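Welcome, and thanks for taking a look at this one with me. Here are a few points to read alongside the picture.

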Amino acid sequence: MSANKDGDGGWKSFLWNSEKREFLGRTGSSWFKIFLFYLIFYGCLAGIFIGTIQALLLTISSHKPTYQDRVAPPGLSHTPRSLKSEIAFNLNDESTYKEYIASITKFLKTYDEDLQVDKQTFEDCPGVPAEYIIRGELESDLGVRKACRFQRSWLGDCSGLTDTNYGFKDGKPCLIVKLNRIVNFKPRPPVNTTAIPAAVQAKLQPYVIPIHCTHRREEDAGKIGEIEYFGIGNGFPLQYYPYYGKLLHPQYLQPLVAIKFNNLTMNEDLRIECKAYGGNIDYSEKDRYQGRFDVKITITVS
């Protein structure tokens, strides 16, 4: 019984020793000194951390990446996007291509004319290919820059204004293609024309980044049929560049190219590759969307 009392008295006196006025083995002044030490210690650490972050922020621009020397050329992407870059549907079953139609409609919604009426943020740019429109330096005090309007009607049969099915119902599907945004990037038209296909050379224009689609596999040659291109100059016109970033160019609209496949062979898996051609647009085997993309299209008729 006495051993239990001694044990109980041991931990109780450790928690609070009334004789020495100690809490957990330390007096009030001792606890105060420890608290003050760690307050100063962690305060200094926090000050060093905050100072380092502030010094780093002074070297970073709010409008563009500090270093762009390793930025890859822009990606070429398309709508509708699909799993594994495959577009497959049954011509006689609307439910199989309904999702593709909805995807294009949603994407083109931002290009509706009634969303581009604000004269403070939008301006009319040439409806034909033209030179870059420079709206000052990124770090200037000009504030938010205006964006060029882009009319859906320029996309012709793929605009959704006359054919809300974008050709899918007739087995002539459309793809809407864009170059991904890179701040302050200016795509250059191709210079070495000998390095590009003859079909592209035939439609070269000044101030346009051309795009061309063809079969990716030799066995698909002759199965792709006629391909139509819609847009300003049937490519990406330079007057829509450069892009100034989300802060300075919040309403920016990328120029679009619509591609319509008019005579694809039915009941075949067709692998199609589309490329944008430019003096500073390269391709990489590691990135299937850098300056190009390939898509498999399968139209079945039951």
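1. Before anything else, please keep in mind that this is a predicted model. A good place to begin is the bridge between Cys174 and Lys260, the latter being its partner in E11.

2. That bridge belongs to a longer pairing: strand E7, residues 174-179, runs antiparallel to E11, and four bridges link the two. Strand E9, residues 227-230, also pairs with E11 in the antiparallel sense, again over four bridges. There, Phe230 is the residue that stands opposite Ala258 of E11.

3. In what order do the four strands of the open sheet come? The order is E3-E7-E11-E9, with antiparallel pairing. At the edges sit strand E3 (76-79) and E9, each of which pairs on one side only. From one strand to the next, the twist averages 25°. As general background, the strands of a sheet are held in pairs by backbone hydrogen bonds, in either a parallel or an antiparallel arrangement.

4. Now back to E11 itself, which spans residues 257-261: is the strand mostly covered or mostly open? Mostly covered, since five of its five residues are buried. Both faces share in this. On one side you will find Val257, Ile259 and Phe261, and on the other Ala258 and Lys260, all of them buried. Lys260 is thus a buried residue as well as the bridge partner of Cys174.

5. Finally, look for helix H3, residues 98-108, which lies across E3 and E7. Relative to E7, the helix runs at about 40°.

How values were computed: Residues are numbered from 1 along each chain as its sequence is written. This is a predicted model: local features need pLDDT of at least 70, side-chain atom pairs count only at pLDDT 80 or more; totals for chains, interfaces and linings use all residues. Side-chain values use heavy atoms; hydrogens and water are left out. Buried means under 20% relative accessible area, exposed over 50%, partly exposed in between (1.4 Å probe, protein chains only). Two strands pair if DSSP finds at least two bridges between them. Axes are lines fitted to C-alpha atoms, for helices over the stretch in contact, and angles run from 0 to 180 degrees between N-to-C directions. Contact means heavy atoms within 4.5 Å.
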